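Colleague: I have a structure to learn from. Could you walk me through it with short questions and answers?

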Amino acid sequence: QVQLVESGGGLVQAGESLNVSCTASGSVTSIYAMGWYRQAPGKERELVAETDRDGRTNYALSAEGRFTISRDNAWDMWSLRMLSPKPEDTAVYYCHERVITVVAAYDCWGQGTQVTVSS
């Protein structure tokens, strides 16, 4: 089993950069993909960015060009750097990973960290 712990987030003004990070513990060798989702009040959870072991990186259109996902070589920590955040980026941000083992595939989620962007 893998456990995820997020850090970062908080209150920033529009245009100020912000980082959120996620640290995984447990069977990190089984991690296939890692990424970030967010959920704003009254809205569904949505993908922000993700990267996988096949070398693919995907961004939501709203994040393209403004956010960057990065990870360490051990696949146990990843971050989302938000450049020029906007008030509409205000949401709870969740780190996510897809775990694939020989017997099962499942998703793991962090507890979420609040990001608030003031205008």
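Modeller: Gladly. Keep in mind that this is a predicted model. Let us start with a facing pair: glutamate 6 stands opposite a residue in E3, and that residue is cysteine 22.

Colleague: How many bridges join E1 to E3, and which way do the two strands run?

Modeller: Strands pair through backbone hydrogen bonds, either parallel or antiparallel. E1 and E3 run antiparallel. The number of bridges joining them is 7.

Colleague: Which strands are at the edges of the open sheet of 4 strands?

Modeller: The order in this sheet is E1-E3-E8-E7, with antiparallel pairing. An edge strand pairs on one side only. Here the edge strands are E1 and E7.

Colleague: By what angle are neighbouring strands of this sheet turned against each other on average?

Modeller: Direction is ignored for this value. On average, the turn between neighbouring strands of the sheet is 15°.

Colleague: Back to cysteine 22. Which cysteine forms a disulfide with cysteine 22?

Modeller: Two cysteine sulfur atoms count as a disulfide within 2.5 Å. The sulfur of cysteine 22 has a partner 2.2 Å away. That partner belongs to cysteine 95.

Colleague: How many residues apart are cysteine 22 and cysteine 95?

Modeller: Cysteine 22 is in strand E3, and cysteine 95 is in strand E9. The pair links distant parts of the chain. The two cysteines are 73 residues apart.

Colleague: Is the disulfide of cysteine 22 and cysteine 95 right-handed or left-handed?

Modeller: Look at the torsion about the S-S bond of cysteine 22 and cysteine 95. It is about 45°. The disulfide is therefore right-handed.

Colleague: What about cysteine 108: how far away is the nearest cysteine sulfur?

Modeller: Cysteine 108 is in no disulfide. Its nearest cysteine sulfur is that of cysteine 95. The distance is 9.5 Å.

Colleague: Is cysteine 108 buried or exposed?

Modeller: Buried means under 20% relative accessible area. Cysteine 108 has 5% relative accessibility. So cysteine 108 counts as buried.

Colleague: Which residues touch the most other members of the largest nonpolar core?

Modeller: In soluble globular proteins, nonpolar side chains tend to be buried together. The largest nonpolar core here has 29 residues. Several strands each supply at least two of them, including strand E1 (2-8), strand E3 (18-26) and strand E9 (91-100). The members touching the most others are Leu4, Trp36, Val48, Trp78, Leu80, Met82 and Tyr93.

Colleague: Now for charges. Which residue forms a salt bridge with arginine 38?

Modeller: Side chains of opposite charge can pair when their charged atoms come close. For arginine 38, the closest N and O atoms are 2.8 Å apart. Arginine 38 counts as buried, because its relative accessibility is 7%. Its salt-bridge partner is glutamate 46.

Colleague: Is glutamate 46 buried or partly exposed?

Modeller: The cut-off for buried is under 20%, and for exposed over 50%. Glutamate 46 has a relative accessible area of 37%. So glutamate 46 is partly exposed.

Colleague: Where is arginine 66 found, and which residue forms a salt bridge with arginine 66?

Modeller: Arginine 66 is found in the loop between E6 and E7. In its salt bridge, the closest N and O atoms are 2.8 Å apart. The partner lies in the loop between E8 and E9, 23 residues apart from arginine 66. That partner is aspartate 89.

Colleague: Which residues are linked in a network of salt bridges?

Modeller: The whole structure has 6 salt bridges. The bridge of arginine 38 with glutamate 46 is one of them. The network links Arg38, Glu46, Arg66 and Asp89.

Colleague: Which residues along E11 point to one face and are buried?

Modeller: The side chains along E11 alternate. Gln114, Thr116 and Ser118 point to the other face and are not buried. The buried ones are Thr113, Val115 and Val117.

Colleague: Last one. Which residue stands opposite valine 115 in E11?

Modeller: E11 pairs with strand E2 in the parallel sense, over 4 bridges. With E9, E11 pairs in the antiparallel sense, over 3 bridges. The residue opposite valine 115 is alanine 91.

How values were computed
Residues numbered from 1 in each chain as written. Predicted model: local features only at pLDDT ≥ 70, side-chain atom pairs only at ≥ 80, totals over all residues. Heavy atoms only, no water. Core = buried A, V, L, I, M, F, W, Y, C linked by side-chain atoms within 4.5 Å. Buried < 20%, exposed > 50% of the residue type's maximum accessible area, 1.4 Å probe, protein only. Salt bridge = Lys/Arg side-chain N within 4 Å of Asp/Glu carboxyl O. Pairing = 2+ DSSP bridges. Axes fitted to C-alpha atoms, helices over the stretch in contact; angles between N-to-C directions.
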